[in-house]
Amino acid sequence: MFEQYETILVAVDGSDEAELAFKKAVNVAKRNNAKLILAHIIDTRAFQTISSFDEDLAQQATEMAKKTLDELVSYANLQGLETIEPIVEYGTPKTLISRQLPDDYNVDLIMIGATGLNAVERLLIGSVSEYVIRHAHCDVLVVRTDLENKQTEE
């Protein structure tokens, strides 16, 4: 008997890698008749200055995230996927994707795009996908190939 996933989490951030992970997640969710949790994480650290929190920038980011999620939900619906839950969360993407969202939504598979960071950037700021792989309590699939499972150009 093979594993049947029931709830799949895919995080999107506007990057090409995240979009590819999303498109593959739609296909996996369809094959498994699974619910797709589509999460956009707004890293609140990006809106902090030394003295305050910039609410205008945070609001703009939220509006853009919601617009992006609406477009992705429409795409998924056109592909025949009906059970999709788009969410916007605020905080640290690494911990939200690896721990909090899987616990909150009973996720059994996380699909995430491979990082676009080089070795120095990974050393300095760390890779979200690397952190998720190490800390998630469920299966993690890192998407590295295109929709035809061919290696993407770097």
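A salt bridge here is a side-chain nitrogen of Lys or Arg within 4 Å of a carboxyl oxygen of Asp or Glu. Keep that in mind for the later stops of this tour, and remember throughout that you are looking at a predicted model.

**Stop 1: the sheet**

Start by colouring the strands. Five of them form an open sheet in the order S3-S2-S1-S4-S5, with parallel pairing. The edge strands are S3 (84-90) and S5, each of which pairs on one side only. Turn the view slowly to follow the twist, which averages 25° from one strand to the next.

**Stop 2: strand S4**

Now select residues 109-113, which make up strand S4. Are they buried or exposed? Five of the five residues are buried, and the strand is mostly covered. In a regular strand the side chains alternate between the two faces of the sheet. Here, Leu-109, Met-111 and Gly-113 lie on one side and Ile-110 and Ile-112 on the other, and both faces are covered.

Next, show the neighbours of S4. Strand S1 (residues 7-11) runs parallel to S4 and is joined to it by three bridges. To find your way along this pair, pick Val-10, which stands opposite Met-111 in S4.

Then move to strand S5 (residues 139-143), where the pairing with S4 is also parallel and extends over five bridges. Two landmarks help on this side: Ile-110 has Val-140 as its bridge partner, and Gly-113 has Val-143.

**Stop 3: helices against the sheet**

Bring the helices back into view, beginning with H1. H1 packs on the sheet, where it touches S1, S2, S4 and S5, and its direction makes about 150° with that of S4. After that, select residues 93-105, helix H3, which lies across S1, S2, S3 and S4. Relative to S3, helix H3 runs at about 135°.

**Stop 4: His-40**

Which strand holds His-40? Select residues 35-42, strand S2, and you will find His-40 there. With a relative accessible area of 14%, His-40 falls under the 20% limit and so counts as buried. Show the surroundings of His-40 as sticks: leaving aside residues up to four places away in sequence, His-40 touches Val-12, Asp-13, Ala-65, Leu-69, Ile-87, Val-88 and Glu-89.

**Stop 5: salt bridges along the helices**

Side chains of opposite charge can pair when their charged atoms come close. How many salt bridges does the structure hold? There are four, and three of these make good stops.

- In H1 (residues 16-32), select Lys-23 and Glu-19, which are four residues apart, about one turn of the helix. Their closest N and O atoms are 3.2 Å apart. Lys-23 is partly exposed at 23% relative accessible area, and Glu-19 is partly exposed too, at 37%.
- In H2 (residues 55-78), go to Glu-71 and Lys-67, again four residues apart. Their side chains meet at 3.8 Å, N to O. Glu-71 is partly exposed at 47%, while Lys-67, at 54%, is exposed.
- In H5 (residues 128-135), finish with Arg-134 and Glu-130, a pair four residues apart, about one turn of the helix. The side chains form a salt bridge with an N to O distance of 3.3 Å. Arg-134 is exposed, with a relative accessible area of 62%, whereas Glu-130 is partly exposed at 34%.

Note on methods: Residues numbered from 1 in each chain as written. Predicted model: local features only at pLDDT ≥ 70, side-chain atom pairs only at ≥ 80, totals over all residues. Heavy atoms only, no water. Buried < 20%, exposed > 50% of the residue type's maximum accessible area, 1.4 Å probe, protein only. Pairing = 2+ DSSP bridges. Contact = heavy atoms within 4.5 Å. Axes fitted to C-alpha atoms, helices over the stretch in contact; angles between N-to-C directions.
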